[in-house]
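Open the model in your viewer and set it to cartoon view. We will take it one selection at a time.

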Amino acid sequence: MQIYGSPYRGVLHCVRTIFREEGIRAFYRSYTTQLSMNIPFQCLHFTVYEYAREKLNPSHGYDPKTHVLAGASAGAVAAALTTPLDVAKTLLNTQERSAVGILVRPEGHAVYVSGMLTAFRSIYKLRGFSGYFQGLQARVLYQMPSCAICWSVYEFFKHFMHLTETELSAI
C-alpha cells in the first residue's frame, strides 16, 4: 500500500493478494530488518536524549523546553543514523519493481528481495551510496516532533506524579 500506483484497492485486498501470490512468509520478509533497525534506533534515541537533557538542564529540574529540544534532537539523530536500515526495510516490505528487477533469474521465476543483505545490495546497485539515505529529510521531520512530544509528555507525568499533596492543592 506504500508504493506509488499501488495495485491494491484496500488493506484486505492487499493482504489477500499477497498471501495468495507469495504465501505467509511475505508478511515476515522484513522482520529481522525491523528488529535490527529498532534496537539501534532506541539505543541512540535514549542516549542522545539523556545527553542533550544533561547539557541543556544540568540541574535536572522540570523544564518543558529542555524536554522538547532534547527529545527532538534525539529523534533527529536516531532517525538520521538508522535511515539505511529503514530504506532496506521499506524495500523488503514493498518489493518495488525497479529494485526487484535488478535480480532477474534466467529461469523466469518470480524474484523477491529477501533478507537485509540482499536489500542493501539491491539499494546500492539501484542508487549507489546515496540510495541508503532516500527519505532522510522526511524521516527526520517525522521523528523530531514525535520524539519531542513523547518525551515532553513522559517528563510531565513523571514530574506530576512526584508532586506532594501540598503542591497539588496549590495547582
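Start by selecting Ile 39, a residue of helix H2. This is a predicted model, so every stop on the tour is a computed one. Is Ile 39 buried or exposed? Its relative accessible area is 54%, and because the cut-off for exposed is over 50%, Ile 39 counts as exposed.

Next, keep Ile 39 selected and add Val 11, Val 15, Phe 19, Ile 24, Phe 27, Tyr 28, Tyr 31 and Leu 35. Together these residues make a nonpolar surface patch of about 920 Å². Now colour helix H1 (11-22) and helix H2 (31-56): each of them supplies at least two residues of the patch.

Then move on to helix H3 (residues 64-81) and helix H7 (residues 136-161). The two pack with their axes 7 Å apart, at an angle of about 145°, and H3 passes H7 in a right-handed crossing. To see the contact, show side chains: on H3, pick residues including Gly 71, Ala 72, Gly 75 and Ala 76; on H7, try Met 144, Cys 147, Ala 148 and Trp 151, among others.

Finally, zoom out to the whole chain. How many helices and strands are there? You should find eight helices and zero strands, following the pattern α-α-α-α-α-α-α-α along the sequence. Switch on the surface, and about 11300 Å² is exposed, with carbon and sulfur atoms supplying 63% of it. Of the 171 residues, 35% count as buried. Among contacts between residues at least 6 apart in sequence, 65% join residues at least 24 apart.

Technical notes: Residues numbered from 1 in each chain as written. Predicted model: local features only at pLDDT ≥ 70, side-chain atom pairs only at ≥ 80, totals over all residues. Heavy atoms only, no water. Patch = residues over 30% accessible without salt bridge, like charges linked within 9 Å, V, L, I, M, F, W, Y side chains within 5 Å. Areas by Shrake-Rupley, 256 points an atom, 1.4 Å probe, with all protein chains shown as cover. Salt bridge = Lys/Arg side-chain N within 4 Å of Asp/Glu carboxyl O. Helix = DSSP H or I, 4+ residues; strand = E, 2+ residues; numbered from the N terminus. Buried < 20%, exposed > 50% of the residue type's maximum accessible area, 1.4 Å probe, protein only. Contact = heavy atoms within 4.5 Å. Axes fitted to C-alpha atoms, helices over the stretch in contact; angles between N-to-C directions. Left-handed = near helix turned anticlockwise from the far one by under 90°.
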